[in-house]
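Biologist: Thanks for sitting down with me! Could you walk me through the charged and aromatic contacts here?

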Amino acid sequence: MALVSWTLLVLGALALAAVLVLLALYVRRGILQRDGGFDMCVRGDSHDGWSGGWAFGIGRYRDDTLEWFRTFSFTTWPRRSFRRGVLLVDGRRQPDAEESYELPAGHVVLICRSNGSSVEVSMTEPAATAFVTWLEAAPPGGQFAG
């Protein structure tokens with residue numbers, strides 16, 4: 001009988017821990033999105049240490065930086081940061097057949113370059129329009145200063 005009690009206690013503790021983990025991720029996501037965050041997937045090339053697959057996350061603008069946080073992480077700092085002055089958009093495309101299963105519905109893929117590395121980002125069409133507008137709206141005396 002004691003074994004059954006211990007088993008139930010352990011299973012209950014594991015269930016509680018799982019609920020707390022999910023709650024913490026939900027609260028973190030809410031905090032990031034409250035500050036202007038939006039859903040954004042990132043895929044980098046193999047030269048910058050990324051595996052090449054799409055990673056889900058949340059993008060957030062901070063001054064002249066686009067910060068990207070992994071969705072399933074507890075960190076409070078961005079996993080990647082993209083500076084407006086060195087980020088260029090080379091093209092835009094629709095997800096291919098394989099990517100349409102990997103990416104959220106309605107996402108468009110932007111092919112970018114940052115510091116000599118290529119990176120692809122995926123976001124909704126309105127978020128992509130805002131992203132390109134943000135890139136083009138550099139403040140006076142910024143990247144285009146002579």
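Biologist: Let me start with one arginine: is R93 buried, partly exposed or exposed?

Modeller: Happy to help, and please keep in mind that this is a predicted model. Buried means under 20% relative accessible area and exposed means over 50%. R93 has a relative accessible area of 25%, so by those cut-offs R93 is partly exposed.

Biologist: Which residue does the side chain of R93 meet in a salt bridge at 2.7 Å, and is that partner buried or exposed?

Modeller: The contact at 2.7 Å, N to O, joins R93 to E99. R43, R93, E99 and E120 are linked in a network of salt bridges. The relative accessibility of E99 is 2%, so E99 counts as buried.

Biologist: How many salt bridges does a search of the whole structure find?

Modeller: Side chains of opposite charge can pair when their charged atoms come close. Here the cut-off is a nitrogen-to-oxygen distance within 4 Å. Searching the whole structure with that rule gives eight.

Biologist: How far apart in sequence are the parts that the R84 and D64 pair ties together?

Modeller: The side chains of R84 and D64 meet at 2.4 Å, N to O. R84 sits in the loop between β4 and β5, while D64 sits in the loop between β2 and β3. R84 is buried at 8%, whereas D64, at 25%, is partly exposed. Given those two loops, the pair ties together parts separated in sequence by 20 residues.

Biologist: And which strand does E125 in helix α3 reach through its salt bridge with R92?

Modeller: E125 and R92 form a salt bridge of 2.4 Å, N to O. E125 is partly exposed at 35%, and R92 is partly exposed at 40%. E125 belongs to helix α3 (residues 125–136) and R92 to a strand, so the pair ties together parts 33 residues apart, the strand being β5.

Biologist: Now the rings: is the aromatic pair of Y61 and W134 stacked, edge-to-face or tilted?

Modeller: The count comes to three aromatic pairs. For Y61 and W134, the centres are 4.8 Å apart and the planes differ by 40°. Planes under 30 degrees apart would be stacked and over 60 edge-to-face, so this pair is tilted.

Biologist: Which residues do ring pairs link into a cluster?

Modeller: Y61 in strand β2 and W134 in helix α3 are 73 residues apart, so their pair links distant parts of the chain. Y61 is partly exposed at 22%, whereas W134 is buried at 11%. Ring pairs join both into a cluster, whose members are F38, Y61, F131 and W134.

Terms used: Residues are numbered from 1 along each chain as its sequence is written. This is a predicted model: local features need pLDDT of at least 70, side-chain atom pairs count only at pLDDT 80 or more; totals for chains, interfaces and linings use all residues. Side-chain values use heavy atoms; hydrogens and water are left out. Helices (H or I, at least four residues) and strands (E, at least two) are DSSP runs, numbered from the N terminus. Buried means under 20% relative accessible area, exposed over 50%, partly exposed in between (1.4 Å probe, protein chains only). Rings of Phe, Tyr and Trp (its six-membered ring) pair if their centres lie within 6.5 Å; planes under 30 degrees apart count as stacked, over 60 as edge-to-face and the rest as tilted.
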